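Here is a brief report on one protein chain. It goes from packing to rings, then to charges, cysteines and backbone angles.

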Amino acid sequence: MTLNPSSEPTNDASVIVARDADNNVAVLTALFPDHGGEYLFLPGGRQEPGETPEDCARRELREEAGVTAESWRPLGSYAMTLKSTARIHLFEATQLTCGPQQLTPSEEGFKLMWWPLDDAIKAIGEGRFLLQGGPLALLLARS
């Protein structure tokens with residue numbers, strides 16, 4: 001198999017299941033017109049230069065959900081596509097402190113909700129998540 005890494009993402013990314021003491025998880029929603037509607041996703045994003053996967057996870061959780069966490073559990077690391085060496089790092093964050101979202105201009109449409117974990121898992125089967133990292137992280141955090 002011949003791969004063309006130059007056409008695929010090269011920066012690793014992190015996705016976070018932020019779970020509170022009541023077993024609710026931070027879920028974001030936004031409109032994705034190119035994909036035909038509004039979808040759910042978990043906080044996360046691409047690593048910046050010099051960041052570790054956990055550094056990225058901490059920053060993305062703080063920016064997109066306004067949340068900091070005392071406890072972090074790695075849930076695994078997976079290839080994003082066969083054509084890229086970029087990995088997606090999944091984490092569960094607990095012992096949360098909530099504050100205001102710190103959205104960047106490209107994230108302004110992100111709406112934060114807190115869902116019972118079981119409802120978020122149900123939404124996976126309903127096709128309400130656009131990207132695969134969030135559903136995988138939710139399933140791993142549940143186990």
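## Helix H3 and its cover

Helix H3 spans residues 133–142, and its buried residues are Gly133, Gly134, Pro135, Ala137, Leu138 and Ala141. The model is a predicted one. Several elements cover the buried residues of H3, including S1, S2, S5, S6 and helix H2 (117–125).

## Nonpolar cores

The largest nonpolar core has 21 residues. Those with the most contacts inside this core are Val17, Val25, Val27, Leu42, Ala137 and Leu138. Two of these names, Ala137 and Leu138, are also among the buried residues of H3. The elements giving two or more residues to the core are S1, S2, S6, H2 and H3. Which element gives the most to this core? H2 does, with four residues.

Val27 shows what such packing looks like in detail. Beyond its neighbours within four places in sequence, Val27 is in contact with Leu40, Phe41, Leu42, Lys111, Leu112, Met113, Trp115 and Ala120. A second core is separate and has eleven residues. Ala26, Ala57, Ala65 and Ala69 are among them.

## Aromatic pairs

How many aromatic pairs does the structure hold? The count is three. In one of them, Phe41 and Phe110 meet edge-to-face, with 4.8 Å centre to centre and 70° between the planes. Phe41 lies in strand S3 (residues 37–41), while Phe110 sits in the loop between strand S6 (87–98) and strand S7 (111–116). The two are 69 residues apart in sequence, so the pair ties together distant parts of the chain in that sense. Phe41 and Phe110 are both buried.

Trp72 and Phe91 also pair. Their ring centres are 6.0 Å apart and their planes stand at 80°, so this pair is edge-to-face; the cut-off for that label is over 60 degrees. Trp72 belongs to strand S5 (residues 67–79) and Phe91 to strand S6, so the pair links parts that are 19 residues apart in sequence. Trp72 and Phe91 are buried. Phe41 and Phe110 also join Phe32 in one aromatic cluster.

## Two buried glutamates

Glu64 is placed in helix H1 (residues 53–65). Does the side chain sit buried or exposed? Glu64 is buried, yet has no salt bridge. The nearest side chain of opposite charge is that of Arg59, 7.1 Å away. A salt bridge needs the charged atoms within 4 Å. Leaving out residues up to four places away in sequence, Glu64 touches Leu28, Leu42, Pro43, Gly44, Gln101, Leu103, Glu107 and Phe110. Phe110 is the ring that pairs with Phe41, and Leu42 is named among the most-contacted residues of the 21-residue core.

Glu51 lies in the loop between strand S4 (44–46) and H1. Its relative accessible area is 16%, so Glu51 is buried; the cut-off is under 20%. Glu51 touches Arg46, Cys56 and Arg59, not counting residues up to four places away in sequence. Glu51 and Ile16 are 35 residues apart in sequence, and their C-alpha atoms are 16 Å apart in space.

## Cysteines

How many disulfides are there? The count comes to zero. Cys56 is in no disulfide, and the nearest cysteine sulfur, in Cys98, is 19 Å away. Why is there no bond at Cys98? The closest cysteine sulfur, that of Cys56, is 19 Å off, which is too far for a bond; a disulfide needs the sulfur atoms within 2.5 Å.

Burial separates the two sites. Cys56 is buried, with a relative accessible area of 0%. Cys98 counts as exposed, because its relative accessibility is 55%. Cys56 is also one of the residues that Glu51 touches.

## Positive phi angles

Two residues other than glycine take a positive phi. Asn23 has phi near 70°. Asn23 lies in the loop between strand S1 (13–18) and strand S2 (24–32). At 31% relative accessibility, Asn23 counts as partly exposed.

Gln95 has phi near 55°. Gln95 lies within strand S6, the strand that also holds Phe91. Its relative accessibility is 54%, so Gln95 counts as exposed.

Notes. Residues are numbered from 1 along each chain as its sequence is written. Side-chain values use heavy atoms; hydrogens and water are left out. Rings of Phe, Tyr and Trp (its six-membered ring) pair if their centres lie within 6.5 Å; planes under 30 degrees apart count as stacked, over 60 as edge-to-face and the rest as tilted. Buried means under 20% relative accessible area, exposed over 50%, partly exposed in between (1.4 Å probe, protein chains only). Lys and Arg count as positive and Asp and Glu as negative; His and the chain ends are not counted. Contact means heavy atoms within 4.5 Å. A nonpolar core is a set of buried Ala, Val, Leu, Ile, Met, Phe, Trp, Tyr and Cys residues joined through side-chain atoms within 4.5 Å.
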